[in-house]
Amino acid sequence: MALRDAEFSAEFRSQLDLLMRLRRDVRRFRTDPVDEAALTRCLAAFDLAPSVGLSQPWRILRIETDAARDAALKNFQTANREALAGYSGERAQLYSRLKLSGMQEAPVQLAVYCDDGTEQGHGLGAGTMPETRRYSVVCAITLFWLRLRAEGLGLGWVSVLDPAQLNRDLQVPQDWHLIGYFCLGHPEDVSETPELEQKGWECRRAAMPVEIR
Ligand SMILES: Cc1cc2nc3c(=O)[nH]c(=O)nc-3n(C[C@H](O)[C@H](O)[C@H](O)COP(=O)(O)O)c2cc1C
């Protein structure tokens, strides 16, 4: 069957729905290693992602050395203390009980950047909206996130960080903009409910399109 004739079955659609329902941001990881072949299959999702002008501006750093991991962890701990200081009363108590990164245990850690200066794509679409390069990286991460889940792996997005400090510690080029720091590994457990909802921080609401008439 030619690829263009491929049809997805009702069963596939329900599996896809299940994958999206069970995606989850993961902050609690088992410490056993991630299979490299599985990780490679998941990283291939970046090659399939949409990007403005086909610019593929994602740059992926795998954080392996103790020095780089320690710097990232310290960065998170400082930013997290500062974030806590911005809340008061019950909200502060609730915040202090949240686990907002799995950086101490996650076997694989990635810092993902957008190369704002890339010439790939010849500026198409990014001339009027340069931020679309960064959106492209987020699109790719979403595919990667789902692909990991399909492999039984989890991803936790860490944004409680000082990006300028991380950029210095990782010595990245000037044109690179931090999109996020990502913890990967086998989740301790899987739930249909986001952890922030379980802990009473926030609840999910249904998206409602507003019609312009
Ligand atoms: C751009 C972005 C940044 C995020 N930053 C953090 C973070 O720093 N720490 C954290 O624990 N979760 C972070 N998250 C995960 C969200 O808290 C999570 O997606 C949300 O609570 C919904 O839960 P779910 O992903 O399990 O559906 C981030 C998610 C996104 C999309």
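Here is a friendly conversation about a predicted model, covering its sheet, two buried residues and the ligand site.

Trainee: In what order do the four strands of the open sheet stand?

Mentor: Let's start with the overall layout. The four strands pair in the antiparallel sense, and the sheet they make is open. Read across, the order is β1-β2-β4-β3.

Trainee: Which strands stand at the edges, each with a single partner?

Mentor: Look at the two ends of the order β1-β2-β4-β3. A strand there has a single partner, so one of its sides is left without a neighbour in the sheet. The two edge strands are β1 (58-62) and β3 (154-158).

Trainee: By how much are neighbouring strands of this sheet turned against each other on average?

Mentor: Here the direction of the strands is ignored, so an antiparallel pairing does not affect the angle. The average turn between neighbours is 30°.

Trainee: Which helix packs on the sheet, and what angle does its direction make with that of β4?

Mentor: The helix is α7, residues 163-170. Its contacts in the sheet are with β1, β2 and β4. Its direction and that of β4 make an angle of about 80°.

Trainee: How many bridges join β2 to β4?

Mentor: Strand β2 covers residues 108-115 and β4 covers residues 176-185, and the two run antiparallel. One of the pairs is Gln-109 with Cys-183. On the other side of the order, β1 pairs with β2 over five bridges. Between β2 and β4, the number is eight.

Trainee: Which residue of β4 is the bridge partner of Val-112?

Mentor: Val-112 has a partner in two strands. In β1 and β2, Ile-60 stands opposite Val-112. In β4, the partner of Val-112 is Gly-180.

Trainee: How many of the residues of β2 are buried?

Mentor: Side chains in a regular strand alternate between the two faces of the sheet. On one side of β2 are Val-108, Leu-110, Val-112 and Cys-114, and on the other are Gln-109, Ala-111, Tyr-113 and Asp-115. Both faces are covered, and the buried count is eight of eight.

Trainee: Is Asp-115 buried or exposed?

Mentor: Asp-115 lies in strand β2 and touches Pro-57, Arg-59, Arg-133, Asp-175 and Trp-176. Its side chain also reaches the backbone nitrogen of Gly-117 at 3.0 Å. Its relative accessible area is 11%, and because the cut-off is under 20%, Asp-115 counts as buried.

Trainee: What is the relative accessible area of Trp-201?

Mentor: Trp-201 sits in the segment after α8 (195-198). Its contacts include Tyr-87, Arg-91, Leu-94, Tyr-95, Leu-98 and Leu-196. Trp-201 is buried, with a value of 17%.

Trainee: Which residue has a polar side-chain atom 2.6 Å from an oxygen atom of the ligand?

Mentor: Among the residues around the ligand are Arg-23, Arg-24, Asp-25, Arg-27, Leu-100 and Ser-159. Leu-100 uses a backbone N or O atom, 3.0 Å from a ligand nitrogen. Ser-159 has a polar backbone atom 2.7 Å from a ligand oxygen. The side-chain contact at 2.6 Å belongs to Arg-27.

Trainee: What share of the ligand's accessible area does the protein cover?

Mentor: On its own, the ligand has 620 Å² of accessible area. Its surroundings also include Trp-157, Val-158, Val-160, Pro-194 and Leu-196. The share covered by the protein is 73%.

Terms used: Residues numbered from 1 in each chain as written. Predicted model: local features only at pLDDT ≥ 70, side-chain atom pairs only at ≥ 80, totals over all residues. Heavy atoms only, no water. Pairing = 2+ DSSP bridges. Axes fitted to C-alpha atoms, helices over the stretch in contact; angles between N-to-C directions. Contact = heavy atoms within 4.5 Å. Buried < 20%, exposed > 50% of the residue type's maximum accessible area, 1.4 Å probe, protein only. Near = heavy atom within 4 Å. Polar contact = N/O pair within 3.5 Å; in protein donor to acceptor, adjacent residues only side chain to side chain. Areas by Shrake-Rupley, 256 points an atom, 1.4 Å probe, with all protein chains shown as cover. Lists of a residue's contacts leave out its neighbours within four places in sequence.
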